[in-house]
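Thanks for coming. I have one structure to go through today, and I will keep it short.

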Amino acid sequence: MSENTKTTTAKKLMLQWGTDGDTTIRVNLDNPVDTPDGEAISLAMESIVSANVLQDSKGNDAALVKSAVLRETTVTEEVLF
C-alpha cells in the first residue's frame with residue numbers, strides 16, 4: 001500500500017423487529033462492542049417486545065424479533081492527486 005492509501009473498517013449492528021401491522025422496524029447501531037453476544041442481544045430484543053416500548057412510524061407495536069446482523073465493512077481509499 002502506498003502512503004496515499006487509507007483503509008478503514010466499520011462495524012454496524014442491524015436489528016429488525018416485525019410489527020403487528022405487518023411492517024418491519026429497523027434499528028442500526030454504529031460501532032458495537034467488538035464481540036457482541038447473540039444470546040444477550042436476542043434477550044434484549046425480546047424484552048423490548050414484551051415492554052411495548054418500540055413502534056413504527058404508524059404506531060404499530062414491535063411484535064416479534066426478526067433478526068440481528070453484525071456487518072463489518074472495510075473501505076480502502078487511494079488519493080490520486
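I will take the sheet, then the helix, then one loop residue. Keep in mind that this is a predicted model.

The sheet is open and has three strands, in the order β2-β1-β3, with antiparallel pairing. β2, residues 24-30, and β3 are at the edges with a single partner strand each, so each has one side without a neighbour in the sheet. From one strand to the next, the twist averages 20°. β1, residues 5-19, pairs with β3 over 15 bridges, in the antiparallel sense. In that part of the sheet, Trp-17 stands opposite Val-65 of β3.

Now the helix. α1 lies across β1 and β3, and runs at about 130° to β3. Its 14 residues reach 20 Å from first C-alpha to last, close to the 20 Å expected at 1.5 Å a residue. Which residues of α1 are buried? They are Ile-41, Met-45 and Val-49. They cover an arc of only 80° around the axis, so they sit on the same side of α1. β1 and β3 are included in what covers them. On the other side of α1, Glu-39, Leu-43 and Ser-50 are exposed.

As for the ends: at the start of α1, a side-chain oxygen of Asp-37 comes to within 3.0 Å of the backbone nitrogen of Glu-39. After α1 comes Asn-52, with a positive phi near 55°.

Last, Asn-60, in the loop between α1 and β3. Is Asn-60 buried or exposed? Its relative accessibility is 19%, and buried means under 20%, so Asn-60 counts as buried. Leaving out residues up to four places away in sequence, Asn-60 touches Thr-19, Asp-20, Gly-21, Thr-23, Ile-25, Leu-54 and Gln-55.

Conventions: Residues are numbered from 1 along each chain as its sequence is written. This is a predicted model: local features need pLDDT of at least 70, side-chain atom pairs count only at pLDDT 80 or more; totals for chains, interfaces and linings use all residues. Side-chain values use heavy atoms; hydrogens and water are left out. Helices (H or I, at least four residues) and strands (E, at least two) are DSSP runs, numbered from the N terminus. Buried means under 20% relative accessible area, exposed over 50%, partly exposed in between (1.4 Å probe, protein chains only). Contact means heavy atoms within 4.5 Å. Two strands pair if DSSP finds at least two bridges between them. Axes are lines fitted to C-alpha atoms, for helices over the stretch in contact, and angles run from 0 to 180 degrees between N-to-C directions. The expected span of a helix is 1.5 Å times one less than its number of residues. The arc is that of the directions from the helix axis to the C-beta atoms. A polar contact is a pair of N or O atoms within 3.5 Å; within protein, one must be able to donate a hydrogen and the other to accept it, and residues adjacent in sequence count only if both atoms are side-chain atoms.
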